[in-house]
Amino acid sequence: MDGTRRVLVAADKFKGSLTAVEVAERVTAGLRRVVPDVLVEALPVADGGDGTVAAAVAAGFERREVRVAGPLGDEVTAAYALRGDTAVVEMAEASGLQRLPEDVLAPLTSSTYGSGELLRAALDAGARTIVFGVGGSATTDGGAGMLAALGARFLDADGEPVAPGGGGLAGLASADLSGLDPRLSDVELVLASDVDNPLTGPKGAPAVYGPQKGASPDDVTALDAALAHFAKVLEQTEGVGARAAEYAASPGAGAAGGIGFGAMLLGARFRPGIEVMLDVLGFAPALERADLVITGEGSLDEQTLHGKAPAGVAAAARAAGKEVVAVCGRLALPAETLGRAGIRRAYPLTDVEPDVAKCIADAGPILERVAEAVARDFVA
C-alpha cells in the first residue's frame with residue numbers, strides 16, 4: 001500500500017448552519033488545500049433526528065417524496081429514503097418543528113398523523129425493514145396520530161374521534177387497534193432514537209421536551225396526564241393489555257413526544273439511532289478503509305456523549321483501532337472527556353473566529369480553515 005493517508009469524514013450536521021453533506025464537502029476542501037492527494041471518503045451521518053433521510057440519500061438511497069399531513073393538519077411534502085426493501089423514515093419530515101408556521105407552536109394540538117402516512121408510503125413502496133428515525137418533533141401525542149393514520153381508532157365518550165394532538169387524548173374513552181395495517185406484522189420496524197426517556201413522569205416526554213415545543217407548565221401537566229390516560233385506556237384495549245404499561249415505562253417510549261410508545265405498539269424494536277444509522281449507511285466497511293476518521297456536529301457538549309452521532313462514530317472507530325478527531329462549531333468538553341469518548345482532539349470554529357454569530361453565518365469557509373489545521377496536524 002502507498003503512503004497516502006485515507007480519511008473518512010463521518011460528521012453530522014451543524015444545526016442551523018450546514019447540512020451533514022455540506023460539512024463533508026467543506027472538510028474535504030480544506031484537507032485537499034493542504035494535502036492535494038489525500039484520499040477522502042465522505043459518509044454524512046445522523047442519529048435518527050432531522051437530517052436522517054438526507055444522510056441515507058447521500059449513502060446511495062433513493063429519495064422519495066409524498067404529500068402528507070403536517071403537524072397542524074395542513075399538507076406538506078415529506079421525503080423518505082428507499083434502497084431495495086429497506087426504508088429510512090424520519091418523523092421530523094412530516095411532524096417536525098420545522099413544519100410549523102413561523103412563530104407558531106402548538107404543543108397541545110400538533111399531531112403525528114403525517115408520520116403514520118409516511119410509514120404507510122414506505123409500506124406501499126415494498127419496504128420490509130423500516131428504520132424509523134424520531135427526533136425534532138413538534139408533537140406530544142404519544143404517537144396516537146401516527147397510529148390513527150395506520151388504521152387505529154381513538155374515540156371519545158360519544159363515539160367520535162378525539163381531537164388531534166396530545167391535548168385531545170384527555171377525552172379518550174376507547175381505543176381500537178384491530179384495523180391497523182396488516183402489513184405491519186410482516187415488517188421489521190426499528191425505532192432509531194438518541195433518547196431513552198419513558199412516556200410520562202418527571203423524565204417523560206412532556207416534562208423534558210414539552211417546554212421546547214412551547215408547552216407552559218400547565219400544558220406540561222395536562223399533556224402528562226393525557227398521555228398517562230392514553231396508556232391506561234390502551235391497557236384495557238383488546239390485543240394490547242398489560243403491554244401498554246410495559247411499553248410506557250420502557251426507555252425510548254418518550255422519544256419525539258411519545259411517538260416511541262406508539263411505535264412500540266406497532267412492534268418496533270428500540271435501538272440507539274446512531275448505531276442503527278451506521279449499520280444502514282455502511283459505516284463498517286468505510287471505516288476499514290480509513291486511516292483517520294473526522295467526525296463532528298454543531299456543538300460538542302455533554303449531550304454529545306449521550307448517543308449523539310460523534311460519540312457513536314468515535315466508539316466504533318476506537319473499537320476498530322482508528323484515530324478520530326472532531327470538528328465542531330463550539331466545544332464545551334475538556335480534552336480528557338473527549339479522550340474518554342475516543343476523540344483525540346477537537347477543532348471548533350471558534351478557534352478560527354471567536355465571534356459566534358460569524359461562525360454561524362460563515363460556517364462553511366471557516367470550517368475549511370479548520371480542516372486545513374486538521375490536515376497539517378494529522379494528514380500531512
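How do the residues lining the second largest pocket divide into nonpolar, polar and charged? They come to 14 nonpolar, six polar and two charged. Welcome to a quick tour of this predicted model, which takes in its pockets, its two open sheets, one mostly covered helix and a pair of cysteines.

**The second largest pocket**

- About 330 Å³ of space lies in this second largest pocket.
- Its lining is made of 22 residues, and Y113, G145, A148, V162 and P164 sit closest to its centre.
- Two elements, α5 (144-149) and β7 (153-155), each contribute at least two residues to the lining of the second largest pocket.

**The largest pocket**

- The largest pocket holds about 1,200 Å³ of space.
- There are 46 residues around the largest pocket, with K15, D47, D194, Q303 and K308 nearest its centre.
- By class, the lining of the largest pocket splits into 14 nonpolar, 18 polar and 14 charged residues.
- Helices and strands both take part: α9 (255-265), α10 (273-281) and α14 (356-361), along with β10 (269-272), β11 (292-300) and β12 (323-331), each give at least two residues to the lining of the largest pocket.

**The six-stranded sheet**

- Here six strands make an open sheet with mixed pairing, and their order is β3-β4-β5-β6-β9-β10.
- One side of β3 (62-69) and one side of β10 have no neighbour in the sheet, because each of these edge strands has a single partner strand.
- On average, neighbouring strands of this six-stranded sheet are turned by 30° against each other, direction ignored.
- Within the sheet, β5 (residues 86-90) runs parallel to β6 (residues 129-133), and five bridges join the two.
- If you would like a spot to look at in that pairing, T86 stands opposite T129 in β6.
- β10 is worth a second glance, as this edge strand also supplies at least two residues to the lining of the largest pocket.

**The five-stranded sheet**

- Five strands build another open sheet, this one with parallel pairing, in the order β2-β1-β11-β12-β13.
- At its edges are β2 (39-42) and β13 (345-348), each of which pairs on one side only.
- Neighbouring strands of the five-stranded sheet are turned by 25° against each other on average, direction ignored.
- Three bridges link β1 (residues 6-9) with β11 in the parallel sense, and L8 faces V293 of β11.
- Two strands of this sheet, β11 and β12, each bring at least two residues to the lining of the largest pocket.

**Helix α10**

- Seven of the nine residues of α10 are buried, so the helix is mostly covered.
- Those buried residues are G273, I274, V276, M277, L278, V280 and L281.
- Just after α10 comes G282, which has a positive phi near 80°.
- Although mostly covered, α10 still supplies at least two residues to the lining of the largest pocket.

**Cysteines and disulfides**

- How many disulfides does the structure hold? The number is zero.
- For C328, the closest cysteine sulfur is that of C359, and the 9.9 Å between them is too far for a bond, since a disulfide needs the two sulfur atoms within 2.5 Å.
- C359 is likewise in no disulfide, with the sulfur of C328 as its nearest cysteine sulfur.
- Are these two cysteines buried or exposed? C328 counts as buried because its relative accessibility is 0%, and C359 counts as buried at 4%; the cut-off for buried is under 20%.

Notes:
Residues are numbered from 1 along each chain as its sequence is written. This is a predicted model: local features need pLDDT of at least 70, side-chain atom pairs count only at pLDDT 80 or more; totals for chains, interfaces and linings use all residues. Side-chain values use heavy atoms; hydrogens and water are left out. On a 1 Å grid over the protein atoms alone, a cavity is a set of points where a 1.4 Å probe fits but cannot get out, and a pocket is an open set with protein on both sides within 12 Å along at least five of seven lines; lining residues have an atom within 4 Å of a point. Grid points are joined across faces, edges and corners, and a volume is the space filled by probe spheres set on the points. Helices (H or I, at least four residues) and strands (E, at least two) are DSSP runs, numbered from the N terminus. Ala, Val, Leu, Ile, Met, Phe, Trp, Tyr, Cys and Pro count as nonpolar, Asp, Glu, Lys and Arg as charged, and the others, Gly among them, as polar. Buried means under 20% relative accessible area, exposed over 50%, partly exposed in between (1.4 Å probe, protein chains only). Two strands pair if DSSP finds at least two bridges between them. Axes are lines fitted to C-alpha atoms, for helices over the stretch in contact, and angles run from 0 to 180 degrees between N-to-C directions.
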